[in-house]
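Here are a few exercises to work through with the structure open. Try each one yourself before you read the solution.

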Amino acid sequence: MLINQNGFREYDARWIYKKDIDLEGIESLGKGLGTQIVNHTKKSNPRIIVGHDYRSYSEEIKVALKKGLVSTGCNVEDIGLALSPTVYFAQFNLDADGIAMVTASHNENGWTGVKMGIKKGLTHAPEEMKELKDITLNKKFISATGSEKEIENFKKKYIQDLVSKNKLNKKIKVVVACGNGTAGAFAPEILRKIGCEVVELDCNLDWSFPKYNPNPEDLKMLHEIAKTVKEHKADIGFGFDGDGDRVGVVDNNGEEIFSDKIGLLVARNLSSKHKGSKFIVDVKSTGLYEKDKILLENKCKTIYWKTGHSHIKRKVHIEKALAGFEKSGHFFFNEPLGYGYDDGINSAIQICHLLQDQNKTMSEIVTELPKTFQTPTMAPFCKDEEKYKVVGQLVKEIEKIKIDKIKIDGLNIENILTINGIRFSLSDGSWGLIRASSNKPSLVIVTESPTSEERMRNIFRFIDSLLQKTGKVGEYDQKI
């Protein structure tokens with residue numbers, strides 16, 4: 001049996017298939033998850049929803065995973081080819097006890113993984129992943145007899161749920177880009193049915209991802225969307241990731257809008273109808289939320305929280321927030337707009353409502369936000385076994401810089417937030433972030449300045465010089 005322990009990440013599990021995990025390892029993961037769900041639910045035959053993405057090997061992985069689940073007494077209900085949000089929705093719709101979605105989301109071809117959850121609308125948190133790792137690697141399995149059945153045509157129910165609540169009364173022309181990932185089987189149909197005119201871009205399913213990874217933070221994907229938006233004179237472009245829980249946005253001029261700013265625009269639009277609401281945003285997100293005049297006028301509160309879909313959706317749940325937004329494009333809408341989990345297609349729908357309600361072009365709506373200069377999310381390589389130590393060391397260094405009043409680009413550090421790596425803010429509202437990636441051997445770097453592009457770049461240079469000094473950091477995936 002092969003199962004690399006580093007595959008157990010903060011809130012899901014991911015491996016390179018056959019190099020880091022084999023089918024026997026996947027079966028053990030199923031036994032571990034089944035045992036965990038039986039223990040948590042106190043049911044001898046809990047019902048588990050299972051789905052898979054379109055990668056060539058996802059079905060064989062799902063078969064092994066189901067075998068493990070059934071061996072612990074779980075009754076598996078398989079909804080077939082699915083998006084992660086389809087599986088999350090199925091847990092509500094079919095009132096099941098847990099979920100397991102076979103997907104490596106936007107990771108390169110060759111990767112596999114599983115997103116898991118027990119409580120409705122939530123996925124595993126770090127403590128549950130730690131427990132699962134312990135049960136699986138130490139083979140603390142329950143043995144019992146479960147069952148397996150296929151749920152036919154569940155896709156229809158998921159589509160109907162989104163369409164029935166979201167019909168538009170204005171025709172919006174949208175580019176729908178799926179990077180040949182699984183969202184291609186869902187997003188164009190749903191957006192057409194709510195009333196959009198859809199231009200499809202790479203929506204045919206092709207697990208080899210021939211052009212680029214289906215990742216709405218990937219600049220190649222965004223450039224393709226921009227080109228198509230301009231060519232077709234579309235109102236907006238949407239890019240979905242491999243398992244459909246994230247969305248990236250390009251405006252009518254072909255300009256990419258970072259998801260944290262889209263989140264702020266959606267929050268502004270919602271705040272007038274839902275006064276006094278709370279919004280949760282991750283530490284990679286723009287500093288504009290804190291002092292936004294419209295949110296403050298509508299008595300809304302923003303809480304910055306740990307990056308990661310599991311962390312944000314849990315915080316949305318605990319705080320009873322109306323919505324949560326992550327810079328990576330995970331958006332979470334609570335009742336009455338959603339069920340609290342991240343769904344890229346529902347996010348695109350909420351952006352269509354924003355366009356309809358404001359009755360302006362996307363570029364006009366964006367210009368209403370104060371201008372800031374922001375880097376894309378940059379990920380320099382850092383080994384899994386070293387990344388948290390490296391971040392811990394940098395937290396101490398930056399805290400000392402603050403105490404010693406050492407200036408960065410002529411300004412002192414005013415605030416430090418360490419709920420997830422370190423986010424330091426300067427006196428003009430500029431900030432920089434260093435954290436460990438939760439699903440790859442890398443760090444995550446973002447900087448933003450409301451003052452100038454030069455300051456944003458200088459903050460990045462400051463961070464990069466700290467990183468290079470550690471001797472533990474390699475090449476960036478993309479760099480300004």
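**Exercise 1.** Find the salt-bridge partner of Asp-357 in this predicted model, and work out where the two residues sit.

*Solution.* Start with the charged atoms: Asp-357 pairs with Lys-273, and their closest N and O atoms are 2.7 Å apart. Next, place them on the chain. Asp-357 belongs to helix H11 (residues 344-358), while Lys-273 is in the loop between helix H8 (259-271) and E12, so the bridge links distant parts of the chain, 84 residues apart. Last, check the surroundings. Asp-357 has 36% relative accessibility and counts as partly exposed; Lys-273, at 51%, counts as exposed because the cut-off is over 50%.

**Exercise 2.** Are Lys-115 and Asp-243 buried or exposed, and what do they tie together?

*Solution.* The side chains form a salt bridge, 2.7 Å from N to O. Lys-115 is part of strand E5 (residues 111-117) and Asp-243 is in the loop between strand E9 (236-240) and strand E10 (247-250), so parts that are 128 residues apart in sequence are tied together. As for accessibility, Lys-115 and Asp-243 are both buried. The structure holds 39 salt bridges.

**Exercise 3.** Now take Asp-428 and Arg-455: which parts of the chain does their salt bridge join?

*Solution.* The N to O distance between these side chains is 2.9 Å. Asp-428 comes from the loop between strand E18 (422-426) and strand E19 (431-436), and Arg-455 from helix H14 (residues 453-470), so the pair connects parts 27 residues apart in sequence. Asp-428, with a relative accessible area of 24%, is partly exposed. Arg-455 has 15% and counts as buried, because the limit is under 20%. Elsewhere, Lys-62, Lys-66, Asp-78 and Glu-148 are joined into one network by salt bridges that share partners.

**Exercise 4.** Check the length of helix H1 (residues 23-41), then ask how many of its residues are buried.

*Solution.* Allow 1.5 Å a residue, and the 19 residues should span 27 Å; the end C-alpha atoms are 27 Å apart, so the two agree. Then count the buried ones: 14 of the 19 residues, so H1 is largely enclosed by the rest of the structure. Look just after the helix too, where Lys-42 takes a positive phi of about 60°.

**Exercise 5.** Which residues of the largest nonpolar core touch the most other members?

*Solution.* This core has 68 residues, and the ones to pick out are Tyr-158, Leu-191, Phe-238, Phe-240, Phe-325 and Ile-345. H11 gives the most to the core, with seven residues. Zoom in on Tyr-158: beyond its neighbours within four places in sequence, the contacts include Leu-83, Phe-89, Phe-186 and Ile-345. Apart from this core lies another, of 28 residues, among them Ile-26, Leu-33, Cys-74 and Met-129.

**Exercise 6.** Where does Ser-285 lie, and what does it touch?

*Solution.* Ser-285 is in the loop between strand E12 (278-282) and helix H9 (293-297). With 0% relative accessibility, Ser-285 counts as buried. Leaving out residues up to four places away, its contacts are Asp-260, Tyr-304, Phe-325, Glu-326, Lys-327, Arg-423 and Trp-431.

**Exercise 7.** Which residues form a nonpolar patch on the surface with Leu-81?

*Solution.* The partners are Tyr-54 and Trp-207, and the three together have about 250 Å² of accessible area. Leu-81 itself is in strand E3 (residues 75-81) and is partly exposed, at 31% relative accessible area.

Technical notes. Residues are numbered from 1 along each chain as its sequence is written. This is a predicted model: local features need pLDDT of at least 70, side-chain atom pairs count only at pLDDT 80 or more; totals for chains, interfaces and linings use all residues. Side-chain values use heavy atoms; hydrogens and water are left out. Helices (H or I, at least four residues) and strands (E, at least two) are DSSP runs, numbered from the N terminus. Buried means under 20% relative accessible area, exposed over 50%, partly exposed in between (1.4 Å probe, protein chains only). Contact means heavy atoms within 4.5 Å. A salt bridge is a side-chain nitrogen of Lys or Arg within 4 Å of a carboxyl oxygen of Asp or Glu. The expected span of a helix is 1.5 Å times one less than its number of residues. Patches are made of residues with over 30% relative accessible area and no salt bridge: like charges are joined within 9 Å, nonpolar side chains (Val, Leu, Ile, Met, Phe, Trp, Tyr) within 5 Å. Accessible areas come from the Shrake-Rupley method with a 1.4 Å probe; for residues, only the protein chains shown count as cover. A nonpolar core is a set of buried Ala, Val, Leu, Ile, Met, Phe, Trp, Tyr and Cys residues joined through side-chain atoms within 4.5 Å.
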